[in-house]
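Me: I have a structure to go through. I want each label set against its rule.

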Amino acid sequence: MFRTTSFCYFLFPEREKTLCERHRESVQTSSGSGILSFFRPRPAVGQYVPQCDPHGAYEPTQCHGSIGQCWCVDANGQEIPNTRTGPGSTPLCINQAPTPAPVGPTPRPDVHPVAPGTHLLFAQSGKIERVPLDGYNIKKEEAKPLLHIPDRVVIAVAYDCVEKMVYWTDITGPAISKARLSGGDVIPVVTT
């Protein structure tokens, strides 16, 4: 009785090497000769070998071990001027690789919808208005003026939820004033 065994081989296309990977490979293979260099390519002693991240991009900080210097590089591996440091220190480099754009909406995990009845206060010229918020949505069609001061330029608004007072700054004065959310007279707080 004979047993037959079948073997299946799947060939997956190898991804194209990145600029950093090609650079590193060229340094590693350019200096070796003889049969041993075929099995273990090595750079010449003292030669700089670029460092690539797991995705093949240049690491933002590159170091040359034999001279003890480090420097920052851009996404193309080019040294960023004035970032080279001496022995024993490493510059703080920001990763220059482009961040892929997110697909679709990406809400922050720490942001939650607002409670019903919440309003947003905003200043527009001589008016302070409020617009209701519903979850993550703004109900623009329900925006209402809260206070109209035609001869003033309101540039900042704050709300005291304990006293139910609206505060604002006015650059024509200059002044800081307040009024009750439910309505009433304008009360100056700071006038000089």
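Me: What is the pairing of the bonded cysteines of the protein chain, numbered in sequence order?

Reply: The pairing is 1-2, 3-4, 5-6. Some ground rules come next. This is a predicted model, where local features need pLDDT of at least 70, side-chain atom pairs count only at pLDDT 80 or more, and totals for chains, interfaces and linings use all residues. Residues are numbered from 1 along each chain as its sequence is written, and side-chain values use heavy atoms, with hydrogens and water left out.

Me: How many disulfides does the rule give, and what makes Cys 20 and Cys 52 one of them?

Reply: The count is three disulfides. A disulfide here is a pair of cysteine sulfur atoms within 2.5 Å. The sulfur atoms of Cys 20 and Cys 52 are 2.0 Å apart, so the pair meets the rule. In general, a disulfide is a covalent bond between the sulfur atoms of two cysteines.

Me: Why is the disulfide of Cys 20 and Cys 52 called left-handed or right-handed?

Reply: The torsion about its S-S bond is about -100°, so it is left-handed. The pair links distant parts of the chain. Cys 20 is in helix H1 (residues 19-30), and Cys 52 is in the loop between helix H2 (35-39) and strand E1 (61-64), 32 residues apart. Helices (H or I, at least four residues) and strands (E, at least two) are DSSP runs, numbered from the N terminus.

Me: Are Cys 20 and Cys 52 buried or exposed, and how do you know?

Reply: Buried means under 20% relative accessible area, exposed means over 50%, and partly exposed lies in between (1.4 Å probe, protein chains only). Cys 20 has 1%, so it is buried. Cys 52 has 13%, so it is buried as well.

Me: What makes Cys 63 and Cys 70 a disulfide, and which hand does it have?

Reply: Their sulfur atoms are 2.0 Å apart, which satisfies the cut-off. The S-S torsion is about 110°, so this disulfide is right-handed. Cys 63 is partly exposed, because its 34% falls in the middle class. Cys 70, at 7%, is buried.

Me: How do you know that Cys 72 and Cys 93 are bonded, and which hand results?

Reply: The sulfur atoms are 1.9 Å apart, which passes the disulfide test. The torsion is about -80°, so the disulfide is left-handed. This pair also links distant parts of the chain: Cys 72 in strand E2 (residues 69-72) and Cys 93 in the loop between E2 and strand E3 (119-124), 21 residues apart. Cys 72 is buried at 6%. Cys 93 has 18%, so it counts as buried too.

Me: What makes E1 and E2 a pair?

Reply: Two strands pair if DSSP finds at least two bridges between them. E1 and E2 have four bridges, so they pair, in the antiparallel sense. In E2, Cys 72 is the bridge partner of Thr 61. The two strands form a hairpin with four residues between them, and Gly 68 in the turn has a positive phi of about 70°. Along E1 the side chains alternate: Gln 62 and His 64 point to one face and are buried, while Thr 61 and Cys 63 point to the other and are not.

Me: What is notable about the phi of Asn 82 and of Lys 164?

Reply: Most residues other than glycine have a negative phi. Asn 82 has a positive phi of about 65°, and Lys 164 has one near 60°. Asn 82 is in the loop between E2 and E3. Its 83% relative accessibility is over 50%, so it is exposed. Lys 164 is in the loop between E7 and E8. At 47%, Lys 164 counts as partly exposed.

Me: What makes strand E7 (154-160) and strand E10 (187-190) edge strands?

Reply: Four strands form an open antiparallel sheet in the order E7-E8-E9-E10. E7 and E10 each pair on one side only. E7 and E8 run antiparallel and are joined by six bridges. Tyr 159 stands opposite Val 166 in E8.

Me: Why is Ile 171 called exposed?

Reply: Its relative accessible area is 54%, over the 50% limit, so the label holds. Ile 171 is found in the loop between strand E8 (165-170) and strand E9 (175-180).
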